[in-house]
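This report introduces one protein structure to a reader who has not met it before. It considers helix packing, charged pairs, aromatic pairs and burial in turn.

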Amino acid sequence: MSDKVLTDDATSIEEYDDSVPQWEMHQAAVLALRAHEGQGFASVTAGDRDKTEVSWDFNPLVLPSYVNIEEHPSDPAVAPGWYTVTNRSGKVTSFQIYNPDLRTEEQPIGAVLGEVSERYACVSYPVTFAPFAEMCNNRGWDWKITCYDQGKVARMDIVVAAKEEIRAPGPKKVGDVYKYGLTIHNSLDGSSGLRVTAWAERLLCTNGMVTMQKRNLFSARHTAGAIGAIDFPVFAQEIGIMAEHVKQELMVVEEMKSHNMTTELFDRLLVEASKRGIITLPNTSEIIDPLTGNTVDYDIKGGYGWRIAKEGWDNPDANWVKVEGEDIGTLFQAYNILSGGLTHKPVWNGPATWKGNKRATLGGYTLNLKTLERRLHAVHNLMKEVMTGTTDLEKVKTTEEKLGIVLAY
């Protein structure tokens, strides 16, 4: 039998003999992974999920799809027999992927994982994960592979940093980072491609319960031009460098919990944030007392980011701020306010004048991804500079000084 398919090394094999699996690369990866696998993210198998877990070290078997024709409905000249599924040029276009290690009487070839086209690049889990494991071993990071649903999907969970490395010293508090890491997702059933997700476990309550926050960092489809074109050793190293950098920056954010901030300094921080394009200050117009000619108040318009930030400082329990206890009144609260205001865009309701008269409602604009990323990066840099003393807020004007607010009290 000879058909063109994509195998473990994601190259085209013109004469593919499905009776001779591509074992060399796969087996080397299996042996290396078995020697170094650790605990990873142990709660992955909690909640009975481990009941569907299978071994991840199988080499997928890729075979052309066949159909059995006993009697052709429109052409009696077609001989009965088995035919491959082809396109108009006679090229095989449909393939079945099997887990050959899960053979039963009902599935003698193995468990069927999925049906894919000729564009699908089939790469075994060990071959995919081995470069990441090597990167983890070099950096001293713990990792574990978990495979589910007869081998259709697998994930490699990498613990980049545990609570001992990240959490600020002192009693544990809600919101503390418990673990930080990466998950490499992959599948062999054609349902999804390769994905790299960053995650952080945060303490949900002080008895030790944790909650998970995730963010997708990378994805690639299972095609020769996508996953088949990836240089996995290089890619793994780049992911490792990025994760290490994020770990260091995460530690910086956690350290902000130990730096107190006054209301006046927070106000000066907002002025500095406006200089960097993170937020805008409001526009003001004088309200004049007709009898005395004195300025008695100011109408304030715009300045959504400034107004939301002020509200977040006064209300640390707001769902886009969410700090409590000793974290209130710290750089960490300020960090959450500036970043949360950008990502959550809460509606603001409050006074329409400087002295708190009238009412107004403002909603934030939805930022495109590029602008959002740029502003969040600016927030992080600003807060880091404040924490390290590179930016001295005592030298920054207050909002009143910046806007020229002068009232006759």
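Is K358 buried or exposed? K358 is exposed, with a relative accessible area of 56%. The structure described here is a predicted model, and K358 offers a convenient point of entry to its charged pairs.

**Salt bridges**

A total of eight salt bridges is counted in the model. Side chains of opposite charge can pair when their charged atoms come close. One of these bridges joins D299 to K358, with 3.8 Å between the closest N and O atoms. This pair links distant parts of the chain, for D299 belongs to strand β15 (residues 295-301) and K358 to the loop between β16 (348-350) and β17 (360-362), 59 residues apart.

The salt bridge of R268 with E264 lies within one element: both residues are in helix α5, four residues apart, or about one turn of the helix. Burial separates the two partners. R268 has a relative accessible area of 10% and is therefore buried, whereas E264, at 45% relative accessibility, counts as partly exposed. A further salt bridge is formed by K322 and D317. The three pairs named so far are set out below.

| Salt bridge | N to O distance |
|---|---|
| R268 and E264 | 2.6 Å |
| K322 and D317 | 3.2 Å |
| D299 and K358 | 3.8 Å |

Salt bridges also form a network, which links E272, K275, R276 and E385.

**Packing of α5 against α7**

Helix α5 (residues 263-275), which holds the R268 and E264 pair, also packs against helix α7 (residues 331-344). Their axes are 12 Å apart and meet at an angle of about 35°, and α5 passes α7 in a right-handed crossing. On the α5 side the contact is made by F266, L269 and L270, and on the α7 side by A334, I337 and L338. By class, the residues of this contact are six nonpolar, no polar and no charged.

**The enclosed helix α6**

Helix α6 (residues 304-314) is largely enclosed by the rest of the structure, because eight of its 11 residues are buried. The buried residues of α6 are Y304, G305, W306, R307, I308, A309, G312 and W313. Which elements cover these buried residues? The cover includes the helices α5, α7 and α9 (399-403), together with the strands β15, β16 and β17. Both helices of the packing described above, α5 and α7, are thus among the elements that cover α6.

**Aromatic pairs**

The model contains four aromatic pairs. In one of them, the rings of F58 and Y125 have centres 5.8 Å apart and planes at 90°, so the pair is edge-to-face. F58 lies in the loop between β3 (53-54) and β4 (61-64), while Y125 lies in helix α2 (residues 125-139), so this pair ties together parts that are 67 residues apart in sequence. Both F58 and Y125 are buried.

A second arrangement is found where W306 and W354 form a stacked pair, with 5.8 Å centre to centre and 15° between the planes. W306 is in helix α6 and W354 in the loop between β16 and β17, and the pair thereby links distant parts of the chain, 48 residues apart. W306 has a relative accessibility of 7% and so counts as buried. The F58 and Y125 pair, for its part, belongs to a wider group: ring pairs link F58, Y125 and F129 into a cluster.

Methods
Residues are numbered from 1 along each chain as its sequence is written. This is a predicted model: local features need pLDDT of at least 70, side-chain atom pairs count only at pLDDT 80 or more; totals for chains, interfaces and linings use all residues. Side-chain values use heavy atoms; hydrogens and water are left out. Axes are lines fitted to C-alpha atoms, for helices over the stretch in contact, and angles run from 0 to 180 degrees between N-to-C directions. Helices (H or I, at least four residues) and strands (E, at least two) are DSSP runs, numbered from the N terminus. A crossing is left-handed if the near helix is turned anticlockwise from the far one by less than a right angle, and right-handed if clockwise. Contact means heavy atoms within 4.5 Å. Ala, Val, Leu, Ile, Met, Phe, Trp, Tyr, Cys and Pro count as nonpolar, Asp, Glu, Lys and Arg as charged, and the others, Gly among them, as polar. A salt bridge is a side-chain nitrogen of Lys or Arg within 4 Å of a carboxyl oxygen of Asp or Glu. Buried means under 20% relative accessible area, exposed over 50%, partly exposed in between (1.4 Å probe, protein chains only). Rings of Phe, Tyr and Trp (its six-membered ring) pair if their centres lie within 6.5 Å; planes under 30 degrees apart count as stacked, over 60 as edge-to-face and the rest as tilted.
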